[in-house]
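Me: I would like to go through this model by question and answer. Please keep the reasoning short and end each reply on what was asked.

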Amino acid sequence: MTETQGPAHKRNMTRRKVVIAGGAAVAVAGVGGGIAVNAFAGETTTDSTSSSAETCYKLTTETTEGPYYIDADKLRQDITEDQEGIPMTLKLKVIDAETCKPVKNAAVDIWHCTALGVYSGYEAMGSGGAGGGSAPTDAPSGTPTDAPTGEPPSGAPSGGTGGGGGHSEPTDDERYLRGTWKTDKHGYVTFKTIFPGWYQGRCVHIHVKVHVDGTWTDAGYEGGHTCHTGQLFFSEKSVLASAEVSPYSTNTTTRTTLTEDTIYPQNGHEGGLLYIKYDKKHMAKGVHAHLTMGVAPDETHDSTDTQASASASAS
């Protein structure tokens, strides 16, 4: 089943709270800036071309938010909690696509599933919100050639990966693999997490939002608007390599490839395809991923009412 696009679920960041004791926020920011992005020792694999090939004036493609966004009030860079998987450092740079200048002090949200395809906050729905990762008995076969239409398959939870669209209400209080942090004066933000897994109907991906014009306070991030809602994607090479590592190797859910996915706009880094680096002999030791995202700070793209490409009309 796939996440389907539905009515826009608009939300401005009216209040985002977190208790930050003393200078903890500054301390974390310092650590984040030092999170390693250097090459691994030994033989490495780097997916795609050098980041210098990125074109700063191209807008990063807007895609659907999906049903599992939670304004979780988790202002943090390390979102791993106790989740097992390949350690991953994700470094993003946010720039104004028109001026190429960095967008500083923006709030960047990321969220993604576990190695076995489960989203925190929606554990009761199983893998990808689809009930344990198994396909419904009436799931379509073959590779989709267009966005699905009509009613969702029977057995799909409303608002879930195969539901009728919109936002699903959380089923639990878990918030692992979710977090928000601010860009520095150069537009950079770095997260520590794990390499995501997969679930029925979607390729491996990370959801991302960029919020601007708000205010950072001791209580968190308040106000502003969402200027970018998108997804970050992984090369087939890296996903196949991860599938050899536990616990990904125990994920028996049928995997959708990057070219089969109905959300990935098939336009490379402009569409959210990450640059990925890892030691191909020891991927379990960790992965570094990075991307420059071009956004339009004055615009609002906060849900499924975004300028998604025709190939991304369902999620």
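**Salt bridges and their surroundings**

Reply: To begin, Arg255 is partly exposed, its relative accessible area being 21%. The model is a predicted one.

Me: Which residue does Arg255 meet in a salt bridge?

Reply: The N to O distance in this pair is 3.0 Å. Arg255 sits in the loop between H2 and E11, while its partner is in helix H2, 19 residues apart. The partner counts as partly exposed at 24% relative accessibility. The residue that Arg255 meets is Glu236.

Me: How many salt bridges does the structure hold?

Reply: A salt bridge needs a side-chain nitrogen of Lys or Arg within 4 Å of a carboxyl oxygen of Asp or Glu. The pair of Arg255 and Glu236, at 3.0 Å, is one such bridge. The number of salt bridges in the structure is five.

Me: How many residues apart in sequence are the parts that Lys58 and Glu270 tie together?

Reply: The side chains of Lys58 and Glu270 form a salt bridge, at 3.9 Å from N to O. Lys58 lies in the loop between strand E2 (45-47) and strand E3 (87-96), and Glu270 lies in the loop between helix H2 (236-242) and strand E11 (275-278), so the tied parts are far along the chain by a count of 212 residues.

Me: Is Lys58 buried or exposed, or partly exposed?

Reply: Buried means under 20% relative accessible area and exposed means over 50%. The relative accessibility of Lys58 is 40%, so Lys58 falls between these limits. Its partner Glu270, at 29%, has that status too. Lys58 therefore counts as partly exposed.

Me: Which residue forms a salt bridge with Asp261?

Reply: The closest N and O atoms of the pair are 2.7 Å apart. The pair links distant parts of the chain, with Asp261 in the loop between H2 and E11 and its partner in the loop between strand E6 (188-194) and strand E7 (205-212), 59 residues apart. Asp261 is buried at 5% relative accessible area, and the partner is buried at 0%. The partner of Asp261 is Arg202.

Me: How many disulfides does the count come to?

Reply: A disulfide would need a pair of cysteine sulfur atoms within 2.5 Å. Cys113 is buried, with 2% relative accessible area, and Cys203 is buried, with 3%. The count of disulfides comes to zero.

Me: What charge does the surface patch that includes Glu174 have?

Reply: Glu174 is placed in the loop between strand E4 (107-111) and strand E5 (178-182). Glu174 counts as partly exposed, at 35% relative accessibility. The patch gathers Asp82, Glu84, Glu123, Asp173 and Glu174, and Asp and Glu count as negative. The charge of the patch is negative.

Me: Which residue does a cis peptide bond join to Ser246?

Reply: The omega angle of this bond is about 5°. The residue joined to Ser246 is placed in the loop between H2 and E11. That residue is Pro247.

Me: What is the phi of Leu177 near?

Reply: Leu177 lies in the loop between E4 and E5. Leu177 is buried, with a relative accessible area of 0%. Its phi is positive, in a residue other than glycine, and is near 60°.

Me: Where is Gln266 placed?

Reply: Gln266 is not a glycine, yet has a positive phi of about 60°. Gln266 is partly exposed, with a relative accessible area of 39%. The place of Gln266 is the loop between H2 and E11.

Technical notes
Residues are numbered from 1 along each chain as its sequence is written. This is a predicted model: local features need pLDDT of at least 70, side-chain atom pairs count only at pLDDT 80 or more; totals for chains, interfaces and linings use all residues. Side-chain values use heavy atoms; hydrogens and water are left out. Patches are made of residues with over 30% relative accessible area and no salt bridge: like charges are joined within 9 Å, nonpolar side chains (Val, Leu, Ile, Met, Phe, Trp, Tyr) within 5 Å. Accessible areas come from the Shrake-Rupley method with a 1.4 Å probe; for residues, only the protein chains shown count as cover. The place of a charge is taken as NZ of Lys, CZ of Arg, CG of Asp or CD of Glu. Helices (H or I, at least four residues) and strands (E, at least two) are DSSP runs, numbered from the N terminus. Buried means under 20% relative accessible area, exposed over 50%, partly exposed in between (1.4 Å probe, protein chains only).
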